[in-house]
Amino acid sequence: MLLLVLIVVFSLCNDLIQSERNPKQIHVLFRHGERSPTGTYPNDPHKGHKWEGGLGYLTNKGKSQMYSLGQNVRAHYENFLPRYYWPAEVNFTSSQWDRCLMSAELFGAGLFPPHDFQIWNSDVLWQPIPVHYLPRNLDNLVAMKTNCTKYDKQFIEVQNSAKVQQYNQDYADLYNYLSQHTGKIINNIEDVESLFNTLEIYQLNNLSTPYWVNDTLMNEMKIIAAQNLAIYSETEYMKKIKGGFFLKTILDLMETALNGTKDVPTINTYSGHDLTIVHVMRALNLIDTLKPNFGACLIFELYEDSTIKVFYWDKWNGKIIEQILPNCASPCTVSNFIEGYKAVLPVNWARECEL
Amino acid sequence: MPKFFLPFLTTLLVIFAFPLCSCSPSDLDAVVVIFRHGDRTPIRPYENDPYKNRSYWPVDWGMLTNVGKLRHYDLGQYFRQRYLDFLPTIYSEKDIYVRSTDVDRTLMSAEANLAGLYPPVNTDIWKTGLAWQPIPIHSIPEKLDAVLAAKKPCKKYDILLKKLFQNEYFRNVSHVNRDLYAYLTKYAGESIDNIRHLEYLYNTLTIETLNNYTLPNWTKTVFPSKMQKWAELSFATDTYTTELARLKTGPFFNELIKYFTNRTVTPKGARYHAPRFVINSAHDTTIANLLNSIGAFEYHCPPYTATIIFELHKPTDNTSYINIFYKNTSEAVPIKLRNCENNCDLKWFQNILSPISLNLDQWETECNSLILFDNPLNLYILLCALLGAMGGIIGLIFIVRKNAQKSNASMYTQLPDEEYA
């Protein structure tokens, strides 16, 4: 009888442990926080607006968001994240843009506030955390702007494709409308995206939008902005060159962690752009089009049994939604992942860029 | 008006008409600082190190400690005081550019320093109760960095450095030190056979002393006494000759001169091309190399947060002068270069640097150029090779000609129409 009780209790505990099991390694990719505009237009009433920190930089709201994102990730992984920051366990990688470098610092500040012996200055409850990055022309991983001849050729083909021409036909009236009101020629989806970014920032900062802007227009422009982000990974090959390289890199780190051949960081964070997230999610076939919010966050979890889970937070305080990977057979292990996404995983990136 | 009164009046006029004369700090136009990181743990303990267990140390090997963070925070506060009127208290990327080598302890030192230099005020306050704000720190991987880390591989430099240690002086250093090396090798439990290894060990022992660890008895007779001089000499070796200095610090000085010159040609009051304050976060070797390259290195081991300060003054549109300081204690002491004590003309400084300053393209070319004529043995080998090659060519011509004659001769034996068959 006692034995039976023990077995029941044991199996219950086991279940509990199972359901609350901790990952072995995580990868957190996020878009930087709210920033000031990088572009304006001739009829812009807010052209001369004084932004804290200058153009293209994080606003104070954006700074708070990134710090909160760090805190939220800490709260979500309370049982998994170490209480103290140890450089060997954590890696902070960023794109070279200042707003990303700053976002990484803020995210780190929220994720690892100093405790006990790590408090080095009682006046400043913060600790320095190094952020690494590669120069733009070498950064395949986060900025994803490295030169790639074959990709560039395909991208030109995409810009001339029937799909994009159809977009231009469909939006001809809109282009006209926007050009008239902004005083700037808008004749492709990229122009729409830049304008949307600027107008969205005005809305987020409670700056009045002109009479010709309304919610319907903003929603339509957001859809077009998302379409613009998607054409950069239109083909399978383009997915491989962009998001695929990111996937390949984190898969290598996962395999290394599982094999135990080398010490690799348990917590890996990547401070990037909306396009970075779209590239990766499109390579995973998780989305067709998406315009990620400031502070949106994509998380990969690796478990001891080699399974991978992916989560998307749509903004810094957003809902955490598990993503079912369409190409990864259940249980989604590293090997099933590699098998399922073979088509978008580069083997030799540089060679695959040659014509 | 009495005659003697005139000069007095003129003087008075001059004083009032030009309240911002060159003696005032307000003609300060640009500042470049370069510092060593703060206190760290040993990079690597030695084999027989009683403190080689990681548990003796608060952070991993070679990492910045809390003391190091605080020391840099203090240095940041020092900069704030020194440049209170020069550097706005609100952060802007237009005022300051921060660069670091791509190493954790230098990146972290820069961050801690900036916390002291830019405590958020006014619109920079983004979170009440937290006296810190994010500031971007720029770096490139060490293996690509020929300017600050100066770790980008350079073939010619490696060859020159190897040669340096084979010269008479350094061979003599090895000879003089053979007993010391043997002693250190025996007790440290690992091979110490040159001043660079010696400096590594010296550095570890220094850190252990700073952390109040009792050193083993065997160190008493050699540390710091006998080792110090050689550890200090080791910091001079990277830039011991002009050629070495050129390849090690030339790109940095080239950039410095370019930066100062660009600022000088910008008309006063016009929009500046570049930030007025540049911070470089680097290492003891960087400090020693830069000082030694301009002939201002007094042999020593640059301590934590040791800082070189270059200040550009621009009293009028067409004049500019610089002052250089070295701060390895609480005071920044002026550096005297050759025949200039202070307020040295920028052009003069540029001339002093011209033998070593070179841009990255020139650096790349020089690094990959072969060294042939700098040593009689090489010249002899080259001469032999040339003679050999000439002999070979003459021989070859002789054989070809003989063969040609032969084949010509044989052609005549062919039937005339067979050629078209």
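Arg282(A) and Asp288(A) pair up in a salt bridge, with their closest N and O atoms 3.4 Å apart. The two partners sit in opposite settings: Arg282(A) is buried at 5% relative accessible area, while Asp288(A) is exposed at 53%. Keep in mind that this is a predicted model. Over all chains, the salt-bridge count comes to 27.

**Salt bridges in chain B**

- Asp39(B) and Arg71(B) meet through their side chains in a salt bridge, 2.5 Å from N to O.
- Asp39(B) belongs to the loop between strand 1 (28-36) and helix 2 (66-82) of chain B and Arg71(B) to helix 2 itself, so this pair ties together parts 32 residues apart in sequence.
- Asp39(B) is buried, with 9% relative accessibility, whereas Arg71(B) is partly exposed at 36%.
- Lys152(B) and Glu364(B) form another salt bridge, at 3.1 Å from N to O.
- That one links distant parts of the chain: Lys152(B) is in the loop between helix 3 (104-117) and helix 4 (155-166) of chain B, and Glu364(B) is in helix 12 (residues 360-368), 212 residues away.
- Both ends count as partly exposed, Lys152(B) at 25% relative accessibility and Glu364(B) at 32%.

**A network in chain A**

- Arg31(A), Glu193(A), Asp274(A) and Lys291(A) are joined into one network by salt bridges that share partners.

**Where chain A meets chain B**

- The two chains bury about 3,100 Å² between them, and 62% of that is on carbon and sulfur atoms.
- Chain A brings 36 residues to the contact and chain B brings 35.
- The rule finds 0 salt bridges across this interface, but there are 11 residue pairs in polar contact, both residues at pLDDT 80 or more.
- On the chain A side, helix 2, helix 3 and strand 3 (132-133) each supply at least two of the touching residues.
- Helix 3 of chain A gives the most, with 6 residues.
- By type, the chain A side splits into 24 nonpolar, 7 polar and 5 charged residues.

**Helix 2 of chain A**

- Helix 2 covers residues 60-76; at 1.5 Å a residue its 17 residues should span 24 Å, and the end C-alpha atoms are indeed 24 Å apart.
- Its buried residues include Asn60(A), Lys63(A), Met66(A), Tyr67(A), Leu69(A), Val73(A) and Arg74(A).
- Among the elements covering those buried residues are strand 1 (25-31), helix 3 (98-111), strand 5 (297-302) and strand 6 (308-313) of chain A.

Terms used. Residues numbered from 1 in each chain as written. Chains lettered and ligands numbered in written order. Predicted model: local features only at pLDDT ≥ 70, side-chain atom pairs only at ≥ 80, totals over all residues. Heavy atoms only, no water. Helix = DSSP H or I, 4+ residues; strand = E, 2+ residues; numbered from the N terminus. Expected span 1.5 Å × (residues − 1). Buried < 20%, exposed > 50% of the residue type's maximum accessible area, 1.4 Å probe, protein only. Contact = heavy atoms within 4.5 Å. Buried area = accessible area lost by both parts, 1.4 Å probe. Salt bridge = Lys/Arg side-chain N within 4 Å of Asp/Glu carboxyl O. Polar contact = N/O pair within 3.5 Å; in protein donor to acceptor, adjacent residues only side chain to side chain. Nonpolar A, V, L, I, M, F, W, Y, C, P; charged D, E, K, R; others polar.
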